[in-house]
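Here is a quick tour of the model on your bench. Keep the viewer open and follow along.

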Amino acid sequence: MCGATKGGLGLAGVDVDSEAVIQGRVLRGGNPVAGAYVRLLDGGGEFTAEVQTSATGHFRFFAADGRWTLRTLAPGVSTDRLVVASVGNVSEVDIELEA
Amino acid sequence: MSRGQALVTADWVSEHLDDPKVVLVEVDEDTTAYDGGHIKGAIKLDWKQDLQDPVRRDFVNKEQFSALLSDRGISNDDTVVLYGGNNNWFAAYAYWYFKLYGHEDVRLLDGGRKKWELDARELSTDEVKREPTTYVARDQDRSIRAFRDDTVAAIGAQNLVDVRSPDEFAGRLLAPAHLPQEQAQRAGHIPTAVNVPWSKAANDDGTFKSDDELKQIYGDAGLDWNKDTIAYCRIGERSSHTWFVLHELLEQPNVKNYDGSWTEYGSLVGVPVALGDEPGEAEPNQEG
């Protein structure tokens, strides 16, 4: 995993106790992917939110208790990852795209 | 309006990049996206700084809108093509806004910025400057804008379409999940509203689904095609997306966007609110 810095987005200013945070990075070959689209789908597969990854490949959602799917889109690729979120916790997810 | 007049493809835009009567306008919540790269020749509008009154919660007035478009070099007879991030939420909002002030030829780029990027099409960081014009906006077309009293009166009488996510509709979330959830207003939805998330109208790449698919989606959700419709969301931008679908693509005659949306309605004193996944009744039995 050369080139990737371990550790998630800073949480300064986020009221972690009252939020169900899902955050992480999108990577390709271990390197951060900027500008990828990450879609948050709820337990029923319904779209809930979408963000673009930052210059360092990071994304963040404020979800609710439950099971969610992260669908990541970049030119020529779409990949799904399941994640569980709960209020008061930060779920860290790294998503590796096929090279 | 119809799909052929209201929507253009990325290919169409590529072919009209040098057409002087076609003005590309990127509209974002966060204009750093534009600054990092935009479609060649596109100017930017900031939905908050440019389109909202800085003090009151309302739009800029007709004179201010005229001055804005004059300054940005848009003429009354230009073809304005809007696109943006967030699956075109704010571009659709600007589309509705341009229609509100009577601009004749407005179009939306199907799929917006996302489709353009996923196609790996070219973006430019060149500064874009258009010569100033003398733009004259019309009076607001109130037939496409709903206020809170229209919305309360529509409970049980017209179609109300809540286009937020199911969790926001039910009251489990107060904002889209990419935003912090702390809000002043109450959670829930307007009683009798059907929940058709804006996203059901779009494919993953942000393009709109076909007319047949769209009719099926809203029909299955319980929309009565013989009734007038008010669409709302949290702040009126996602509901502009649905207003575009119903009024411009499916050519429903009387569709209004309630731009006050949940941040207004959810803060009103004394209005009915429904919780949970069902639309709820027009006049719930209340004790006391």
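## Strands, a helix and a contact between chains

In chain B, strand β4 (residues 79–83) runs parallel to β5(B), and 3 bridges pair the two. Keep in mind that this is a predicted model. Within that pairing, L82(B) sits opposite L108(B) of β5(B). L108(B) also turns up in another pairing: it is the bridge partner of L7(B). That contact belongs to strand β1 (residues 7–8) of chain B, which is joined to β5(B) by 2 bridges, again in parallel.

So is β5(B) buried or exposed on its two faces? Both faces of this strand, residues 106–109, are covered. V106(B) and L108(B) are buried on one side, and R107(B) and L109(B) are buried on the other. As a rule, side chains in a regular strand alternate between the two faces of the sheet.

Here are the strand pairings of chain B side by side.

| Strand | Partner | Bridges and sense |
|---|---|---|
| β4(B), residues 79–83 | β5(B) | 3 bridges, parallel |
| β1(B), residues 7–8 | β5(B) | 2 bridges, parallel |
| β7(B), residues 159–162 | β8(B) | 2 bridges, parallel |

The β7 pairing takes us to an open sheet of 5 strands in chain B, with the order β6-β10-β9-β7-β8 and parallel pairing. At its edges are β6 (145–146) and β8 (194–195) of chain B, each of which pairs on one side only. Between β7(B) and β8(B), one bridge to look up is D162(B) with N195(B).

Now for the helix on this sheet. Helix α10 of chain B, residues 238–249, lies across β7, β9 (229–232) and β10 (255–258) of the same chain. Its direction is at about 175 degrees to that of β10(B). How far apart are the end C-alpha atoms of α10(B)? They are 16 Å apart, and that agrees with the expected span, because 12 residues at 1.5 Å a residue should also give 16 Å.

α10(B) is mostly covered, with 12 of its 12 residues buried. The buried residues include charged-looking names you might pick out by eye, such as R238(B) and E248(B), along with W243(B) and F244(B). Just past the helix, E251(B) adopts a positive phi of about 55 degrees.

α10(B) also has a helix for a neighbour: α5 (residues 89–100) of chain B packs with it at an angle of about 60 degrees, their axes 7 Å apart. The crossing is left-handed. On the α5(B) side the residues are W89(B), A92(B), Y93(B), Y95(B) and W96(B), and they meet R238(B), S240(B), H241(B), W243(B) and F244(B) of α10(B). By class, that contact between α5(B) and α10(B) has 7 nonpolar, 2 polar and 1 charged residues.

Next, the loop between α6 (112–118) and β6 of chain B, where you will find E131(B). This residue counts as exposed because it has 6 C-beta neighbours inside 10 Å. Its C-alpha atom is 8.6 Å from that of I74(B), a residue 57 positions away along the chain.

Finally, the two chains: 18 residues of chain A are in contact with 19 residues of chain B. On the chain A side, the elements giving two or more residues are β3 (37–41), β4 (47–52) and β5 (58–63) of chain A. β4(A) gives the most, with 5 residues. Sorted by class, this side of chain A has 11 nonpolar, 3 polar and 4 charged residues.

Methods:
Residues are numbered from 1 along each chain as its sequence is written. Chains are lettered from A and ligands numbered from 1 in the order in which they are written. This is a predicted model: local features need pLDDT of at least 70, side-chain atom pairs count only at pLDDT 80 or more; totals for chains, interfaces and linings use all residues. Two strands pair if DSSP finds at least two bridges between them. Helices (H or I, at least four residues) and strands (E, at least two) are DSSP runs, numbered from the N terminus. Two residues are in contact if their C-beta atoms, placed from the backbone, lie within 7 Å. Axes are lines fitted to C-alpha atoms, for helices over the stretch in contact, and angles run from 0 to 180 degrees between N-to-C directions. The expected span of a helix is 1.5 Å times one less than its number of residues. A residue is buried if 20 or more other C-beta atoms lie within 10 Å of its own, exposed if 12 or fewer, and partly exposed in between; C-beta atoms are placed from the backbone. A crossing is left-handed if the near helix is turned anticlockwise from the far one by less than a right angle, and right-handed if clockwise. Ala, Val, Leu, Ile, Met, Phe, Trp, Tyr, Cys and Pro count as nonpolar, Asp, Glu, Lys and Arg as charged, and the others, Gly among them, as polar.
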